[in-house]
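Got your viewer open? Let's take a walk through this one, stop by stop, selecting a few residues at a time.

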Amino acid sequence: MKKLFVVLLTVLLAVSMIGCEKKPEVKEVKIGVAIYQFNDNFMTLYRNDIQKYFDDLNAKDASVHYTVEIVDGANDVNTQTEQVRTFISKGVDALIVNLVQTTSDALAKEVVASGIPCVFINREIADFEYGDKTCYVGADARDSGRYQGEIIYNVKDHGDLNGDGTVSYIMIMGDPENTDAQYRTEFSIKKMEELGAKVECLFQQTGNWDQAQGQELVANALSTFGDKIEVVFCNNDGMALGAYQSIVAAGRTVGKDIYLVGVDALPECCQMVKDGTMTGTVLNDDVGQATAACETVLGLLAGKAPEKKVNYVPYVMVTTENVDNYLK
Ligand code: GAL
């Protein structure tokens, strides 16, 4: 009887111990990502890179699980303000914010005041006080402009197709809420002049980074200025795609009677550079920038102050010579 009792007790003890056996704890980390607008070619690549970065981490290490919520600001300040406030009140562990508006620092200040670690991306606020837990990851748009100027200057006639001694160009600008638009407009032309070109601007208008707007503006410019236009500078590839449609519709041929240059190195534009239907583009390194932003978030979460308050990832000039490295 006593023996049976001991056996029973041992079994009970063993069973209860199995019940108590601790499951390894999984640390939950919530990250809120606010994108200025989903309907943007480059920012679509960028937000997918962010998602992938954390998906890969989740697959590698089961002890931490990152939940990433990415929201679309729809290019509307009020929408984005609500979204960021909701992230803050939900108590996310970290934020990545691509501001709709950079001419006001009101929302950025709210983020800093919340004490939640945050990396701002892609749209920089000039001279912003980032505090200890916030910083910026982007790229120095002056360089992307300079590379555009260099690409055009490097073609056989330096962009002066009709040989009249002046490069006559049109400029299709991005949304001025991103300094990239201003800098690319300014530095592409400065670089041409520095290299020795004489330039003449026939037309300069804002296409808001958008393909359809780029197409319409270039169609208008071509119907007004026709053969006078030698070079089409677009502040991004999205608008260059639109420009290309209008160039074809006007019966012009890139590389033969007109040049076309963009920025971003979207996969479809790299293919066009390869085919000769775009003169060149500039790699805006979405993977490099997303990786830098995510690594900075991890550092901030670990209590490390960011190494740089403003971290610029380099651009790369893309022409027929090196485009093979960027074809996907
Ligand atoms: C630029 C990019 C554009 C657009 C813009 C959005 O860096 O070249 O295509 O995505 O950011 O702010």
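**Stop one: aromatic rings**

Before you click anything, keep in mind that this is a predicted model. Start by selecting Phe128 and Tyr130, both of which are buried. Turn the view until you can see both rings: their centres are 5.1 Å apart and their planes stand at 80 degrees, so this pair counts as edge-to-face.

This is not a lone case, as the structure has eight aromatic pairs. For another, select Tyr53 and Phe54. With ring centres 5.4 Å apart and planes at 75 degrees, these two are edge-to-face because the angle is over 60 degrees. Are Tyr53 and Phe54 buried or exposed? Tyr53 has a relative accessible area of 18%, so it falls under the 20% cut-off and is buried. Phe54 is buried as well, with a value of 0%. Now add Tyr66 to your selection: Tyr53, Phe54 and Tyr66 make up one aromatic cluster.

**Stop two: charges over rings**

Next, pick Arg47 and Phe38. The charged end of Arg47 sits over the ring of Phe38, 3.8 Å from the ring's centre. Then jump to Arg142 and Tyr183, where you'll find the charged end of Arg142 over the Tyr183 ring, 4.6 Å from its centre.

Keep Arg142 on screen and add Asp140. Arg142 also forms a salt bridge with Asp140, and the closest N and O atoms are 2.9 Å apart. Which side of the 20% cut-off does each partner fall on? Arg142 is partly exposed at 25% relative accessible area, while Asp140, at 16%, counts as buried.

**Stop three: salt bridges along helices**

There are 14 salt bridges in the structure, so let's look at a couple that sit in helices. Select helix H6, residues 179–195, and show the side chains of Glu186 and Lys190. Those side chains meet in a salt bridge, 2.9 Å from N to O. Why are the two about one helical turn apart? Because they are four residues apart in helix H6. Glu186 is partly exposed at 36% relative accessibility, and Lys190 is partly exposed at 38%.

Now move to helix H3, residues 77–90, and find Glu82 and Arg85. Here the partners are three residues apart in the helix, so about one helical turn separates them. Their salt bridge has its closest N and O atoms 3.8 Å apart. Glu82 is partly exposed, at 45%, and Arg85 is partly exposed too, at 38%. Add Glu110 to the selection: salt bridges with shared partners link Glu82, Arg85 and Glu110 into one network.

**Last stop: the ligand**

Finally, select the ligand and show the residues around it, among them Tyr36, Phe42, Arg123, Arg184, Trp209 and Asp264. Which side chains have polar atoms to look for here? Try these three:

- Asp40: a polar atom of its side chain lies 2.8 Å from an oxygen atom of the ligand.
- Asn178: an N or O atom in its side chain is 2.9 Å from a ligand oxygen.
- Asp180: the distance from an N or O atom of its side chain to a ligand oxygen is 2.6 Å.

To finish, switch on a surface for the protein and look for the ligand. How much of the ligand's accessible area does the protein cover? On its own the ligand has 310 Å² of accessible area, and the protein covers 99% of that.

How values were computed: Residues are numbered from 1 along each chain as its sequence is written. This is a predicted model: local features need pLDDT of at least 70, side-chain atom pairs count only at pLDDT 80 or more; totals for chains, interfaces and linings use all residues. Side-chain values use heavy atoms; hydrogens and water are left out. Rings of Phe, Tyr and Trp (its six-membered ring) pair if their centres lie within 6.5 Å; planes under 30 degrees apart count as stacked, over 60 as edge-to-face and the rest as tilted. Buried means under 20% relative accessible area, exposed over 50%, partly exposed in between (1.4 Å probe, protein chains only). A charge sits over a ring if NZ of Lys or CZ of Arg is within 6 Å of the ring centre and within 35 degrees of the ring normal. A salt bridge is a side-chain nitrogen of Lys or Arg within 4 Å of a carboxyl oxygen of Asp or Glu. A residue is near a molecule or strand if one of its heavy atoms lies within 4 Å of it. A polar contact is a pair of N or O atoms within 3.5 Å; within protein, one must be able to donate a hydrogen and the other to accept it, and residues adjacent in sequence count only if both atoms are side-chain atoms. Accessible areas come from the Shrake-Rupley method with a 1.4 Å probe; for residues, only the protein chains shown count as cover.
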